[in-house]
Amino acid sequence: MQDSDRAYFEHMKSTEADLEGWRVRARRLEAPQKGSELQLDDAQFGAHPISEMVRLSLVSAGEHLRLAWTAILAGQVYPIAHFTTLRGALLAASQAVYILGPDEGTVRRGRGLAAVAESYKRSRQFHNDTLMYPNLTDNERQQIDAQVKWLTTRLGQTLQAGAETSLNISDAVIPYAAKLVYGRNPDLELEVNLLWRKLSGDAHALTWALAQRTIFQPTRAGEILSEGTSGGSLEEVAQPFEASFRILKRGWSLYDQRCEGS
């Protein structure tokens, strides 16, 4: 390992205890205490508790961070895949903070139920697409139709219960989490939002994001394109890793706060 990477490695290594603690914590079910804010939030739509939607987001973010760290421990730093993994961590952690952050219960419930509704919506899309299988039996088709109908009913119920009409990750969720965690430093807040844009470029296999991490050679005479190399670096990985970790840590803190009974 180069000396220039040692500081980034040691800094990410310092998160191991928290990541391991969250891994162990994810193995047991947790219910909000009686009289807590999250218990009241859950009562808005008991069929799909907001607390479990949030908890899944926190667990998912931790898993993605551990996966990124495990690869580093194995001596592998990927120029693209590390960033798609960290995008998953940033998204999941920010979603939890977006739901848990507001002190106003009606706002938390609207956001939490929007995530629940999104889950039903995407599941319905999946089941509708399975109807394209060419050799479905009549019984199988009826079962899928019944599931689609059930999902449609549930989706309508979340809207009736007060779900926000959409869950806008790029324009609402990420900016909210960035402001809540880094709002005292506008430069860092902006950096988180820019990171999200860049990580999305990686996730969608678009060249512009990778190009920003690539060292290009001078263009050869008579050619309009040049060659470039990007081997991955701990410096590049550390930035989204740190942002995702800090937002996730705030998410778990908010979760404990909202689960504590009065």
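Student: Phenylalanine 126 lies in helix α6, which spans residues 105-130; why is phenylalanine 126 called exposed?

Tutor: Its relative accessible area is 52%, and exposed means over 50%, buried under 20% and partly exposed in between, as found with a 1.4 Å probe and protein chains only, so phenylalanine 126 counts as exposed. The model is a predicted one, in which local features need pLDDT of at least 70 and side-chain atom pairs count only at pLDDT 80 or more, while totals for chains, interfaces and linings use all residues. Residues are numbered from 1 along each chain as its sequence is written, and side-chain values use heavy atoms, with hydrogens and water left out.

Student: Glutamine 125 is also placed in helix α6; what makes glutamine 125 count as partly exposed?

Tutor: The relative accessibility of glutamine 125 is 36%, a value between the cut-offs for buried and exposed, and therefore glutamine 125 is classed as partly exposed. As for distances from this part of α6, the C-alpha atoms of glutamine 125 and phenylalanine 9 are 41 Å apart, with their positions 116 residues apart along the chain. Phenylalanine 126 and glutamate 189 are 63 residues apart in sequence, and their C-alpha atoms are 35 Å apart in space.

Student: How do you know that alanine 93 is buried?

Tutor: Alanine 93, in helix α5 (residues 81-100), has a relative accessible area of 0%, which is under the limit of 20%, so alanine 93 is buried. Leaving aside residues up to four places away in sequence, alanine 93 touches Ser57, Ala61, Ser244, Ile247 and Leu248, where contact means heavy atoms within 4.5 Å.

Student: What makes the buried residues of α1 lie on the same side of that helix?

Tutor: In α1 (residues 3-13) the buried residues are Asp5, Phe9 and Met12. They cover an arc of only 65° around the axis, which is why they lie on the same side of α1, the arc being that of the directions from the helix axis to the C-beta atoms. An α-helix has 3.6 residues a turn, so residues three or four places apart point the same way. The face of α1 turned away from the buried side carries the exposed residues Asp3 and Ala7, and the cover over the buried residues includes α2, α4 (50-73) and α11.

Student: How do you know that the buried residues of α2 line one face of the helix?

Tutor: Helix α2 buries Leu19, Trp22 and Arg25. Seen down the axis, these buried residues fall within an arc of 125°, and therefore they line one face of α2; among the elements covering them are α4 and α11.

Student: Why is glycine 21 called partly exposed?

Tutor: Glycine 21, which lies in α2 (residues 16-25), has a relative accessible area of 35%; this falls between 20% and 50%, so glycine 21 is partly exposed.

Student: What makes α8 roughly perpendicular to α11?

Tutor: Two packed helices are described by the angle between their axes and the distance between the axes. Helix α8 (residues 169-182) and helix α11 (residues 234-259) pack at about 80°, with axes 10 Å apart. Since 65 to 115 degrees counts as roughly perpendicular, under 35 as roughly parallel, over 145 as roughly antiparallel and the rest as oblique, α8 is roughly perpendicular to α11. On the α8 side the contact is made by Ala177, Leu180, Val181 and Tyr182, and on the α11 side by Glu242, Ala243, Arg246, Ile247, Arg250 and Leu254. These residues divide into 7 nonpolar, no polar and 3 charged.

Student: Why does alanine 205 count as exposed?

Tutor: Its relative accessibility of 69% is over 50%, so alanine 205 counts as exposed. Alanine 205 lies in the loop between α9 (186-203) and α10 (207-211), and has a positive phi of about 55° although it is not a glycine.

Student: Which elements make up the protein as a whole, and how many are there?

Tutor: There are 11 helices and 2 strands, where helices are DSSP runs of H or I with at least four residues and strands are runs of E with at least two. From the N terminus on they run α-α-α-α-α-α-α-α-α-α-β-β-α, and buried residues make up 41% of the 262 residues.

Terms used
Axes fitted to C-alpha atoms, helices over the stretch in contact; angles between N-to-C directions. Nonpolar A, V, L, I, M, F, W, Y, C, P; charged D, E, K, R; others polar.
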